[in-house]
Amino acid sequence: MKAANMTMKTLIIAMLTLVTFIGTVYSQQTKQLDKLKIAKALPIGESKGKSEIKVNNKKIKEITIMTRKEKSEENFKQLFGEEIKGIEATDPDFQEIMNSFIFGEVYNQGNLDNRMRELTTIVVLTVNQNLPQLKSQVAAALKIGVTPIEIKEAVYQCAPYIGFPKTLNAINEINGVFKANNIVLPLPSQKTVSEETRLLEGIAVQTEIFGDLIPKMRAGAPENQKHIQDYLSAFCFGDFYTRSGLALKTRELLTLCMVSSLGGADSQVKAHVQANKNVGNDKATLIGVITQCLPYMGFPRTLNALAFINDIFIEN
């Protein structure tokens, strides 16, 4: 009789344990489903901070996640500190929209580091001659550790694509920022070619980037235009691409940003997408730099560049 009672008691305990276990699992699954419902309830691209959200008439405290605005404020402070207020006093809505998009979204997209983001921004502002904004971005670039040589080389690289006057405008603004930061000018020379070698060195780096197309292009040029091919090889590639201070892959990325932001340079955009592929820059990196250009050159030119990237980097 005692044995039977013990068996019954053991059975009851086992059943209670099983019920408790099932209840715990069900509770955990319910919480997980609630979290998923919360996630679906949040607007796309917008995170909630500390708040209470109703799901199935229950108030659930959401964990703290950085909002787009908070990310924007953090990135903005890292780059500019707290001194620059922009047009917050006169156009607060526009300032918020701009900062939240650039620093709350674009700066967190892709795998670019802040150094490359700033160099990209600097060349696009130079191409578009947005000089007040260029001045601010150069100061920000220095603040996060971009070197003066990297900044100067990125802007020098613009000259073959936008001409000397616009490049000089940008250099003048940069020099003002450098002097304000006690950076001694001129910077050490990054030149690697001489008058005697610039053409041959230019053809060599040009061929390294574009391959067999270069000899064919030079040989096929009309007699009255061969000097243009020599200028392209000696000036664009000999005088600039051969310089130290920036790696070849970085120069090609920046050149893609320049020609993309010009507008109306479709054949050059396509050629430099292919050139980036040739020197080892992958599709994700190209999408990253073009995304970084977006706030400064707008959607039409961004979508145009992305179309060429998708054409050349064909995915299975």
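## Exercises on rings, charges and the core

In this predicted model, Phe210 has a relative accessibility of 16% and therefore counts as buried.

**Exercise 1.** Determine how the rings of Phe210 and Phe237 are arranged, and where in the chain the two residues lie.

*Solution.* Begin with the burial of the partner: Phe237 has a relative accessible area of 3%, so Phe237 is buried. Next, take the geometry of the rings, whose centres are 6.1 Å apart and whose planes stand at 85 degrees. Planes over 60 degrees apart count as edge-to-face, and therefore the pair of Phe210 and Phe237 is edge-to-face. Finally, locate the residues: Phe210 belongs to helix α9 (residues 198-210) and Phe237 to helix α11 (residues 226-241), so that the pair links distant parts of the chain, 27 residues apart.

**Exercise 2.** Classify the ring pair of Phe76 and Phe80, and find the cluster to which these residues belong.

*Solution.* The structure holds eight aromatic pairs. In the pair of Phe76 and Phe80, the ring centres are 4.8 Å apart and the planes are at 45 degrees, so this pair is tilted. Along the sequence, both residues lie in helix α2 (residues 68-80), and because they are four residues apart there, about one helical turn separates them. Both Phe76 and Phe80 are buried. Following the ring pairs further, one arrives at a cluster made up of Phe76, Phe80, Phe103 and Tyr107.

**Exercise 3.** Identify the charged ends that sit over the rings of Tyr107 and Phe313.

*Solution.* For Tyr107, the charged end is that of Arg117, which sits over the ring at 5.7 Å from its centre. For Phe313, the charged end is that of Lys277, placed over the ring at 5.3 Å from its centre.

**Exercise 4.** Describe the largest nonpolar core and the contacts of Leu254.

*Solution.* The largest nonpolar core has 63 residues, and among those with the most contacts inside it are Val123, Ile209 and Leu254. Helix α4 (residues 114-127) supplies the largest share of this core, namely seven residues. If neighbours within four places in sequence are set aside, Leu254 is in contact with residues including Met116, Leu119 and Val123.

**Exercise 5.** Is Asn128 buried or partly exposed, and which residues does Asn128 touch?

*Solution.* Asn128 is found in the loop between α4 and α5 (131-143). With a relative accessibility of 25%, Asn128 counts as partly exposed. Not counting residues up to four places away in sequence, Asn128 touches Ser261, Tyr296, Met297 and Arg301. For Ser261, which is 133 residues from Asn128 along the chain, the C-alpha atoms of the two residues are separated by 7.4 Å.

Notes. Residues are numbered from 1 along each chain as its sequence is written. This is a predicted model: local features need pLDDT of at least 70, side-chain atom pairs count only at pLDDT 80 or more; totals for chains, interfaces and linings use all residues. Side-chain values use heavy atoms; hydrogens and water are left out. Rings of Phe, Tyr and Trp (its six-membered ring) pair if their centres lie within 6.5 Å; planes under 30 degrees apart count as stacked, over 60 as edge-to-face and the rest as tilted. Buried means under 20% relative accessible area, exposed over 50%, partly exposed in between (1.4 Å probe, protein chains only). A charge sits over a ring if NZ of Lys or CZ of Arg is within 6 Å of the ring centre and within 35 degrees of the ring normal. A nonpolar core is a set of buried Ala, Val, Leu, Ile, Met, Phe, Trp, Tyr and Cys residues joined through side-chain atoms within 4.5 Å. Contact means heavy atoms within 4.5 Å.
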